[in-house]
Amino acid sequence: MKILKHIRLLAVAVLLCLPWLSDARRFSVSTNVLGYANLGTLNLEASYAFGRRWTVNAGAKYNPWTFREKAGPSGQFQSRQQTWHAGVRFWPWHSYSGWWIAGKVQYQEYNTGGIISRRTEEGDRAGAGVTAGYTYMLHPRFNIEFGIGFWAGMKWYTEYTCPLCGITSGSGRKGFILPNDIIISLSYVF
C-alpha cells in the first residue's frame, strides 16, 4: 500500500538523520513493556527533540507468533501484526519530562483471532491517532512513560469463522475507532 510506503520512508528518513542532528538530550529510544503482554508483541520507538517542547518519533510493532492451546482449530489463537507509525509530541514543560500529548499516522497489517471467540480477522488498517501521557525522569538518561491513546481510520479486512478452517464469513472495507496504546514504557535518552 502507498500509505505504508510513505510511513516507512518517513521513519527511515527520521532515523537516518538522527545521528547527525543529535546532541545532549535530543534523541531517545524506548520500548513499551505492556506491548510484550499482547502475546509477545515486540516494539521499539525512536524520537528526536527538534525544540524545547517538540519531538518527532517513529516506531514499529511486530508479532509473528501463533499459539496452539490444544489440537484442532478451536485451540489456535493469535494477535499477529506488523505496525508502523510516525508522529509528533508536544511537551508543555520540556521534552522528555512531564506531561505530553501526541499525534501520529499509522499503518498496520494484522491477523487476530481465537482469543475470545473462534472468529478470526485479517487485513490492513490505516489511520491517525492521539495519545497523552506523563514521563517521569528516573535518571537524567533513563525515563519511564505512562500513557493511553486511540486511533481511527479505515480497514480492509476478511473475516473467517475459525483460525484454521479458511471459511470466509465476510470481507470489505469500513471505518474503525480502536484503543491503540496503553503505555508503560522504558526510555533511554542520549
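## A strand-rich protein and its open pocket

Let's start with the largest pocket, which is lined by 42 residues, with Lys61, Pro179, Asn180, Asp181 and Ile182 lying nearest its centre. Strands S1 (27–32), S2 (42–49), S3 (54–63), S5 (76–90), S6 (98–113), S7 (120–139), S8 (142–160) and S9 (168–189) are the elements that give two or more residues to that lining. The volume of this pocket is about 810 Å³. Its lining splits into 13 nonpolar, 21 polar and eight charged residues.

Before going on, a word about where this comes from: the model is predicted, so local features need pLDDT of at least 70 and side-chain atom pairs count only at pLDDT 80 or more, while totals for chains, interfaces and linings use all residues. Residues are numbered from 1 along each chain as its sequence is written, and side-chain values use heavy atoms, with hydrogens and water left out.

Some terms need pinning down too. On a 1 Å grid over the protein atoms alone, a pocket is an open set of points with protein on both sides within 12 Å along at least five of seven lines, a cavity is a set of points where a 1.4 Å probe fits but cannot get out, and lining residues have an atom within 4 Å of a point. Grid points are joined across faces, edges and corners, and a volume is the space filled by probe spheres set on the points. In the lining counts, Ala, Val, Leu, Ile, Met, Phe, Trp, Tyr, Cys and Pro are nonpolar, Asp, Glu, Lys and Arg are charged, and the others, Gly among them, are polar.

### The whole chain

The protein has one helix and nine strands (DSSP runs numbered from the N terminus: H or I of at least four residues for a helix, E of at least two for a strand). Walk along the sequence and you get α-β-β-β-β-β-β-β-β-β. Of the 190 residues, 40% count as buried (under 20% relative accessible area, with exposed over 50% and partly exposed in between, using a 1.4 Å probe and protein chains only). Among contacts with a separation of 6 or more, 60% are between residues 24 or more positions apart; a contact means heavy atoms within 4.5 Å. The accessible surface adds up to about 10,300 Å², and 66% of that belongs to carbon and sulfur atoms (Shrake-Rupley method, 1.4 Å probe).

### A closed space

There's also one cavity of 30 Å³ or more, and about 50 Å³ of space lies in the largest cavity. Ser28, Ser30, Glu45, Ser47, Thr55, Asn57, Arg89, Trp91, Tyr96, Glu145 and Ser187 line it. The elements giving two or more residues to this lining are S1, S2 and S3. Here the lining residues divide into two nonpolar, six polar and three charged.

### Ser79, Asn63 and the loop beside them

Ser79 is in strand S5, and it counts as buried because its relative accessibility is 7%. Asn63 is in strand S3, and its 2% relative accessibility means that Asn63 counts as buried as well. Ser79 is in contact with Asn38, Leu39, Asn63, Asn111, Thr112 and Ile115, leaving aside neighbours within four places in sequence. Not counting residues up to four places away, Asn63 touches Asn38, Leu39, Gly40, Thr41, Ser79, Arg80 and Gln81.

Both residues make polar contacts (N or O atoms within 3.5 Å, where one must be able to donate a hydrogen and the other to accept it; residues adjacent in sequence count only if both atoms are side-chain atoms). Here they are:

| One side | Other side | Distance |
|---|---|---|
| Ser79 side chain | Asn38 side chain | 3.3 Å |
| Asn63 side chain | Asn38 backbone oxygen | 3.2 Å |
| Asn63 side chain | Thr41 side chain | 3.0 Å |

### Two positive phi values

Most residues other than glycine have a negative phi. Leu39 goes the other way, with a positive phi near 55°. Leu39 sits in the loop between S1 and S2 and is partly exposed, with a relative accessible area of 22%. Tyr96 isn't a glycine either, yet its phi is positive at about 65°. You'll find Tyr96 in the loop between S5 and S6, where it counts as buried at 2% relative accessibility.

### One last pair

Phe27 belongs to strand S1 and counts as buried, at 16% relative accessibility. The C-alpha atoms of Phe27 and Ala49 are separated by 6.3 Å, with the two residues 22 apart along the chain.
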